[in-house]
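Subject: The structure you asked about

Hi,

Here is the structure I promised to pass on. Have a look at it first, and then read on for what turned up.

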Amino acid sequence: MLEQAAFLRDRLQKSRCTVVFTGAGVSAESGVPTFRGQDGYWKNFRVEELATPQAFSKDPKFVWDWYDARRLALHTKEPNLAHKKIVEWEKQFGNVHVITQNVDGLHQRAGTEKIHCLHGDIWEIRCTRCGISERNVEAPLSHLPPVCACGGIQRPGVVWFGEMLPQETWEEAERFCSCADLMFVIGTSAIVYPAAGLPMLAKSRGCYIVEVNIQPTELTPHFDLFLQGKAGEVLSQI
Ligand code: OAD
């Protein structure tokens, strides 16, 4: 049993605004690879070959092959105990806002409603010509690269390196982090900015920050409590 469980439940109960900030580690127990772990995506591929607008302009089919394979792999994955526990907190305590860097859709599938997806959503695709986005859960896609009704090539609805985060989502995330009094930072290496700046923004406003990770990160010394372990295993004890 987690020794801080009662303390954390009390904080959740009394919190006026709780932010749950997640990264790839929250989906690891669902069988989704992280980016920088031992078998992480960026161990086998260079970011700039796949996750940049330049890579897509150069070879959209190559980039899509990778995203299509990721979508196909995700299709069979289920939300884990961590995703489900967060939904339980939302229902029980209210005023819980999930801000995620993940594009896998697992928080939403678990039932999270108040979610801010900083890096987009892999199940959205957007036309590079007319800009129209659509939800598309076909995996694998029947035609690569997919083409819009207007004839333009469609791209994954994710944020690539060198691109701006969706403005409205970012502003909302900043707003919640500015007023949060409790924040959980779960399963992120916290090195990709601007997203990684959000916990420190919250900290600068006096927020109590709990980090859940299998190993310490660069930000661990700045936080109030570090709970070492797998997200699902740790959260299910709170
Ligand atoms: P990373 O792969 O950088 O970090 C994953 C973190 O999860 C690490 O700190 C691990 O120690 C931790 N972790 C692994 N398994 C865990 C588990 N079961 N429970 C808890 N923690 C666990 O992934 P992110 O921090 O999400 O951006 O990466 C941030 C961004 O970099 C991504 O959104 C993506 C990537 O490039 C874009 O694509 C724009």
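Which atom of the ligand does a polar side-chain atom of Asn213 lie 2.7 Å from? The partner is an oxygen atom of the ligand. Please keep in mind as you read that this is a predicted model.

Let me stay with the ligand for a moment. There are 23 residues around the ligand, and those that come nearest are Phe35, Arg36, Thr188, Ser189 and Asn213. Ser189 also has a polar pairing: an N or O atom in its side chain is 2.5 Å from an oxygen atom of the ligand. Ala24 takes part through its backbone instead, with a polar atom there 2.8 Å from a ligand oxygen. On its own the ligand has 800 Å² of accessible area, and the protein covers 92% of that.

Next, the inside of the protein. The largest nonpolar core is made up of 26 residues, and Trp89, Phe184, Ile186, Leu227 and Ile238 have the most contacts inside it. Several helices and strands each supply at least two residues of this core, among them α1 (5-14), β7 (182-186) and β9 (225-228). The largest share, 4 residues, comes from α6.

Phe184 is a good place to start exploring. Leaving aside neighbours within four places in sequence, Phe184 is in contact with Leu8, Leu12, Thr18, Val19, Val20, Phe21, Trp89, Val210 and Ile238.

Helix α6 is also the place of Lys85. Is this lysine buried or exposed? Lys85 has a relative accessible area of 9%, so it counts as buried. A polar atom of the Lys85 side chain lies 2.9 Å from the backbone oxygen of Ile238. Apart from neighbours within four places in sequence, Lys85 is in contact with Leu235, Ser236 and Ile238.

Finally, the cysteines. How many disulfides does a search of the whole structure find? The count is 0. For Cys148, the nearest cysteine sulfur belongs to Cys150 and is 3.7 Å away. Cys148 is buried, because its relative accessibility is 13%. Why is Cys179 not bonded to Cys17? The sulfur of Cys17 is the closest cysteine sulfur to that of Cys179, but at 4.0 Å it is too far for a bond. Cys179 itself is partly exposed, at 44% relative accessible area.

Happy exploring, and do write back with any questions.

Best wishes

How values were computed:
Residues numbered from 1 in each chain as written. Predicted model: local features only at pLDDT ≥ 70, side-chain atom pairs only at ≥ 80, totals over all residues. Heavy atoms only, no water. Core = buried A, V, L, I, M, F, W, Y, C linked by side-chain atoms within 4.5 Å. Buried < 20%, exposed > 50% of the residue type's maximum accessible area, 1.4 Å probe, protein only. Contact = heavy atoms within 4.5 Å. Disulfide = S-S within 2.5 Å. Near = heavy atom within 4 Å. Polar contact = N/O pair within 3.5 Å; in protein donor to acceptor, adjacent residues only side chain to side chain. Areas by Shrake-Rupley, 256 points an atom, 1.4 Å probe, with all protein chains shown as cover.
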